[in-house]
Amino acid sequence: MEKLRATSNLRRSLKSLLNRRLSSGSDFTHFNQKRSFQTSFNWIRDYKSVGEVNAVQYRYFSSVSTLVQRNPSFSTLNSDDISYFKGLLGEKNVIQDEDRLETVNTDWMHKYKGSSKLLLQPRSTEEVSQILRYCNSRCLAVVPQAGNTGLVGGSVPVFDEVIVNVGSMNNIISFDKVSGILVCEAGCILENLISFLDNQGFVMPLDLGAKGSCQIGGNVSTNAGGLRLVRYGSLHGNVLGLEAVLANGDVLDMLGTLRKDNTGYDLKHLFIGSEGSLGIVTKVSILTPPKLSSVNLAFLACKDYSSCQKLLVEAKRKLGEILSAIEFLDDQAMVLVLHHLDGVRNPLPTSMHNFYVLIETIGSDDSFDREKLEAFLLSSMEGGLISDGVLAQDINQLSSFWRIREGVPEALMKAGAVYKYDLSLPVEKMYNLVNDMRVRLGNLAKVVGYGHLGDGNLHLNISAPQYDDAILEQIEPYVYEWTYKHRGSISAEHGLGLMKANKIYYSKTPETVQIMASIKTLLDPNGILNPYKVLPHSINP
């Protein structure tokens with residue numbers, strides 16, 4: 001692997017580099033954050049009043065006493081309910097096995113754990129409709145679940161909610177090769193859709209690290225962002241239509257495939273990003289762009305964050321129509337990836353740098369695109385924005401470079417306890433928060449910053465050997481207050497879930513939140529869909 005260096009013959013040196021190849025039910029339960037994380041949320045204390053059958057249930061989910069009370073209007077599952085669901089779905093799709101339930105009750109980070117006694121696996125929209133109609137009549141709370149790869153506790157129960165997993169609804173319904181419009185069921189795994197479209201000569205506008213497990217229904221319900229939002233935009237722009245089942249079982253057929261449709265309110269947008277709190281998405285239609293033949297990826301080093309910002313501005317200006325992604329990670333993220341992920345190599349092995357930036361281009365003319373990217377890299381070196389770098393020469397190198405960026409969350413999990421924050425901030429201010437948190441935490445924990453430079457999305461991660469109340473007290477509410485002060489968003493792409501439901505006012509006005517609550521009440525008056533999530537607990541139905 002060669003470096004991109006400024007020499008007396010800089011242009012010839014760069015050309016030489018680019019031609020080289022790289023080888024290579026009656027509980028009163030409190031949760032203490034520190035203890036509960038370490039015990040995977042096993043019960044810490046149980047309280048029962050003599051003769052009291054339905055005592056009030058509570059849970060603490062943080063050291064700042066985020067108290068969650070079970071809605072007393074929700075019913076408790078009984079044998080008649082089980083019999084109904086078995087008659088509807090068949091016994092094999094009504095899961096009561098403790099080992100299976102352990103998995104679906106627990107989120108990917110092992111931070112949140114519910115106590116559901118029932119997992120339902122519908123195979124059609126009609127079955128989802130029948131499930132919700134019955135649950136609504138009985139006032140049984142429901143958690144919609146897809147791939148369960150979320151990071152904010154949005155896809156697992158808080159108490160004993162019934163889990164409705166759409167993973168069995170995984171059919172591709174249609175694909176139009178002329179328009180590039182894909183229609184599929186909500187349970188389709190994102191990576192499978194990517195592979196299908198690749199064979200058809202198209203690409204998904206969404207790509208993210210969890211693609212091997214996440215499902216498109218969950219992606220749409222959380223408005224997942226991913227790596228190429230800077231090129232293709234958000235799912236609000238790419239989803240042309242969807243089908244959703246309301247809490248009362250009514251099916252809303254909004255599965256349009258038209259680019260233009262101004263007939264009245266565009267209701268599909270209510271469900272994109274609502275995290276299953278307004279309805280269960282069962283089908284989606286997505287506009288997919290054609291696959292282009294030329295893909296280039298540069299892995300670059302920058303001396304400081306100011307250089308990263310300037311590189312972003314220049315990339316947008318000079319790469320324009322072919323720029324598809326621009327990501328960054330700091331030295332702490334790089335160290336974690338190299339240390340904790342097997343088979344990962346440093347593309348720039350001679351020294352560590354303060355920041356790393358990945359710039360990807362996608363176009364239709366390989367020679368033109370490559371020449372354009374080379375010229376950009378050359379001018380960026382001459383301007384001092386790049387201190388080192390390498391350009392992928394084949395698909396293996398391209399994949400290995402992306403593995404570094406996509407592997408940061410996995411590396412953080414392997415390193416120990418991690419506090420994760422997904423924030424939108426003005427690009428020029430974004431890394432200031434990382435520096436502030438390092439000063440604030442001192443030696444208590446490592447602060448890691450990485451994310452989507454192209455759209456101002458910082459993934460702030462605080463890594464420590466174990467969860468500790470002293471650390472969390474230094475993080476919250478400081479991070480939220482800092483974000484509010486700089487007019488940012490406390491949830492860029494992960495959603496609010498349970499983790500940030502009560503923090504919504506840091507990003508939304510009370511008037512806005514009240515309108516959201518009114519919509520929730522209108523569509524789900526009994527509040528059975530994904531309770532305790534998204535909206536503040538004080539105003540949830």
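## Ground rules

Here, "buried" means under 20% relative accessible area, "exposed" means over 50%, and "partly exposed" is whatever sits in between, using a 1.4 Å probe and protein chains only. Accessible areas come from the Shrake-Rupley method with a 1.4 Å probe, and for residues only the protein chains shown count as cover.

This is a predicted model, where local features need pLDDT of at least 70, side-chain atom pairs count only at pLDDT 80 or more, and totals for chains, interfaces and linings use all residues. Residues are numbered from 1 along each chain as its sequence is written, and side-chain values use heavy atoms, with hydrogens and water left out.

## The chain as a whole

The protein chain has 541 residues, and 55% of them count as buried. Its accessible surface is about 22700 Å², with 49% of that belonging to carbon and sulfur atoms.

You'll find 19 helices and 18 strands in the protein chain. Both are DSSP runs numbered from the N terminus: helices are H or I over at least four residues, strands are E over at least two.

## The seven-stranded sheet

Seven strands, in the order β15-β12-β14-β13-β17-β18-β16, make an open sheet with antiparallel pairing. Strands β15 (388–391) and β16 (417–424) stand at the edges with a single partner strand each, so one side of each has no neighbour in the sheet. From one strand to the next, the twist averages 15°. Two strands are said to pair if DSSP finds at least two bridges between them. As background, strands of a sheet pair through backbone hydrogen bonds, either parallel or antiparallel.

Helix α16 (residues 427–441) packs on this sheet, touching β13 (323–330), β14 (355–363), β16, β17 (446–452) and β18 (457–464). A contact here means heavy atoms within 4.5 Å. The direction of α16 makes about 15° with that of β18. For angles like this, axes are lines fitted to C-alpha atoms (for helices, over the stretch in contact), and the angle between N-to-C directions runs from 0 to 180 degrees.

## A look at β12

Strand β12 covers residues 294–302, and 8 of its 9 residues are buried. On one pairing, β12 and β14 run antiparallel over 9 bridges, with Ala 298 opposite Ile 359 in β14.

Strand β12 also pairs with β15, again in the antiparallel sense, over 4 bridges. In that pairing, Phe 299 stands opposite Val 390, and Leu 300 stands opposite Gly 389.

## The four-stranded sheet

There's also an open sheet of 4 strands, ordered β3-β4-β6-β5, and its pairing is mixed. The edge strands, β3 (94–95) and β5 (142–145), each pair on one side only. Strands β3 and β4 run antiparallel and are joined by 2 bridges; Ile 95 sits opposite Leu 119 in β4.

## Helices α14 and α15

The axes of helix α14 (residues 395–406) and helix α15 (residues 408–415) come within 5 Å and cross at roughly 50°. That crossing makes α14 oblique to α15. For the cut-offs, angles under 35 degrees count as roughly parallel, over 145 as roughly antiparallel, 65 to 115 as roughly perpendicular, and the rest as oblique.

On the α14 side the contact uses Arg 403, Ile 404, Arg 405 and Glu 406, while α15 brings Val 408, Pro 409 and Glu 410. By class, that's 3 nonpolar, no polar and 4 charged residues. Ala, Val, Leu, Ile, Met, Phe, Trp, Tyr, Cys and Pro count as nonpolar, Asp, Glu, Lys and Arg as charged, and the others, Gly among them, as polar.

## Residues worth a click

Start with Glu 98, in helix α4 (residues 98–104). Glu 98 counts as exposed, because its relative accessibility is 67%. The C-alpha atoms of Glu 98 and Lys 117 are 8.0 Å apart, with their positions 19 residues apart along the chain. His 110 lies in the loop between α4 and β4 (119–120) and has a positive phi, near 60°, though it isn't glycine. At 47% relative accessibility, His 110 is partly exposed.

Glu 275 is another non-glycine residue with a positive phi, near 60°. Glu 275 belongs to the loop between α10 (268–271) and β11 (280–287), and is buried, with a relative accessible area of 10%. Finally, the peptide bond from Glu 476 to Pro 477 is cis, with omega near 10°. Pro 477 falls in the loop between α17 (469–475) and α18 (478–485).
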